[in-house]
Amino acid sequence: MTSFLAATAAQNGLAFVAPTTVVELAHLVIEAGFSANLPNHPDVSTGRPYSNWKQLYKRRSGLIRTYVRDIENLRQSLEANDIFVLQPDDLSPLADGRRFEDELIRLVRRYELDSSDAAILLEAHRAGIDSVATQDVDMQRARRDFDVYTWL
């Protein structure tokens, strides 16, 4: 994410982030927070750390409040770097009266992507955006319809 922010700023670029992308970024912040806290909150029944972040989340869901600040910092970083979050009202309706779920399934099939990645492409298309910057190399499978820029 840092390299994307730096590249956008260096190019005086303007970038938009789809709503589904914001959900995914917030999820990554939460996952990272819980993962980092695994050693600090062992399973009381065994005294050993939980084996994954989801176990800790299920047992100590209140910890999520400590990561809200990190999500807010992410939002502020996007804003400070002129990266705008598309709002649902910014998205045009689906063509020909298609339903969201039908179009999502079509994109999953067409590009062989998971549902979150397909939803991001669907939102980009609805916003009139045909260029996608991502660290997810799977998105390269959408190159026939989108300019996909990846970096590692």
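## Reading rings, patches, pockets and charges

Reader: Let me start with one residue: in which element is phenylalanine 84 found?

Author: Phenylalanine 84 is found in strand E2, which covers residues 83-85. Please keep in mind as we go that this is a predicted model.

Reader: Is phenylalanine 84 buried, partly exposed or exposed, and what is its relative accessible area?

Author: Phenylalanine 84 has a relative accessible area of 38%, so it is partly exposed. Buried would mean under 20%, and exposed over 50%.

Reader: Which residues form a nonpolar patch on the surface together with Phe84?

Author: Leu14 and Phe16 join Phe84 there. Taken together, the patch has about 310 Å² of accessible area.

Reader: Let's turn to the aromatic rings. How should I read a ring pair, and how many aromatic pairs does the structure hold?

Author: Two things describe a pair of aromatic rings: how far apart the centres are and the angle of the planes. Here the structure holds five aromatic pairs. Take phenylalanine 34 and tryptophan 53: their ring centres are 6.3 Å apart and their planes stand at 40°, so this pair is tilted. An angle over 60 degrees would count as edge-to-face, and one under 30 degrees as stacked.

Reader: Which parts of the chain does that pair tie together?

Author: Phenylalanine 34 belongs to helix H2 (residues 19-36) and tryptophan 53 to helix H3 (residues 53-59), so the pair ties together parts that are 19 residues apart in sequence. Both phenylalanine 34 and tryptophan 53 are buried.

Reader: What kind of pair do phenylalanine 34 and tyrosine 67 form?

Author: Phenylalanine 34 and tyrosine 67 are edge-to-face, at 5.1 Å centre to centre and with 65° between the planes. This pair links distant parts of the chain: phenylalanine 34 in helix H2 and tyrosine 67 in the loop between H3 and helix H4 (68-80), 33 residues apart.

Reader: Why does phenylalanine 34 count as buried, and why does tyrosine 67?

Author: The cut-off for buried is under 20% relative accessible area. Phenylalanine 34 has 0% relative accessibility, so it counts as buried. Tyrosine 67 has 4%, so it counts as buried as well. To complete the picture, ring pairs link Phe34, Trp53, Tyr57 and Tyr67 into a cluster.

Reader: Now for empty space. How are pockets found, and what is the volume of the second largest pocket?

Author: The idea is to roll a probe the size of a water molecule over the atoms, which shows where empty space is left. In this structure the second largest pocket has a volume of about 190 Å³. It is lined by 13 residues, of which Arg98, Glu103, Arg106, Leu107 and His125 are the closest to its centre.

Reader: Which elements give two or more residues to that lining?

Author: They are helix H5 (100-111) and helix H6 (115-126). H5 gives the most to the lining of the second largest pocket, with five residues.

Reader: Last topic, charges. How many salt bridges does the structure hold?

Author: Side chains of opposite charge can pair when their charged atoms come close. The structure holds seven salt bridges. One of them joins glutamate 72 and arginine 75 at 2.6 Å, N to O. Those two residues lie three residues apart in helix H4, about one turn of the helix.

Reader: With which other glutamate does arginine 75 form a salt bridge?

Author: With glutamate 79, where the closest N and O atoms are 3.1 Å apart. Arginine 75 and glutamate 79 are four residues apart in helix H4, so about one helical turn separates them. Arginine 75 itself is partly exposed, with a relative accessible area of 37%.

Reader: Which residue meets arginine 141 in a salt bridge?

Author: Aspartate 138 does, at 3.6 Å, N to O. By contrast with a single pair, salt bridges that share partners join Glu72, Arg75 and Glu79 into one network.

How values were computed:
Residues are numbered from 1 along each chain as its sequence is written. This is a predicted model: local features need pLDDT of at least 70, side-chain atom pairs count only at pLDDT 80 or more; totals for chains, interfaces and linings use all residues. Side-chain values use heavy atoms; hydrogens and water are left out. Rings of Phe, Tyr and Trp (its six-membered ring) pair if their centres lie within 6.5 Å; planes under 30 degrees apart count as stacked, over 60 as edge-to-face and the rest as tilted. Buried means under 20% relative accessible area, exposed over 50%, partly exposed in between (1.4 Å probe, protein chains only). Patches are made of residues with over 30% relative accessible area and no salt bridge: like charges are joined within 9 Å, nonpolar side chains (Val, Leu, Ile, Met, Phe, Trp, Tyr) within 5 Å. Accessible areas come from the Shrake-Rupley method with a 1.4 Å probe; for residues, only the protein chains shown count as cover. A salt bridge is a side-chain nitrogen of Lys or Arg within 4 Å of a carboxyl oxygen of Asp or Glu. On a 1 Å grid over the protein atoms alone, a cavity is a set of points where a 1.4 Å probe fits but cannot get out, and a pocket is an open set with protein on both sides within 12 Å along at least five of seven lines; lining residues have an atom within 4 Å of a point. Grid points are joined across faces, edges and corners, and a volume is the space filled by probe spheres set on the points.
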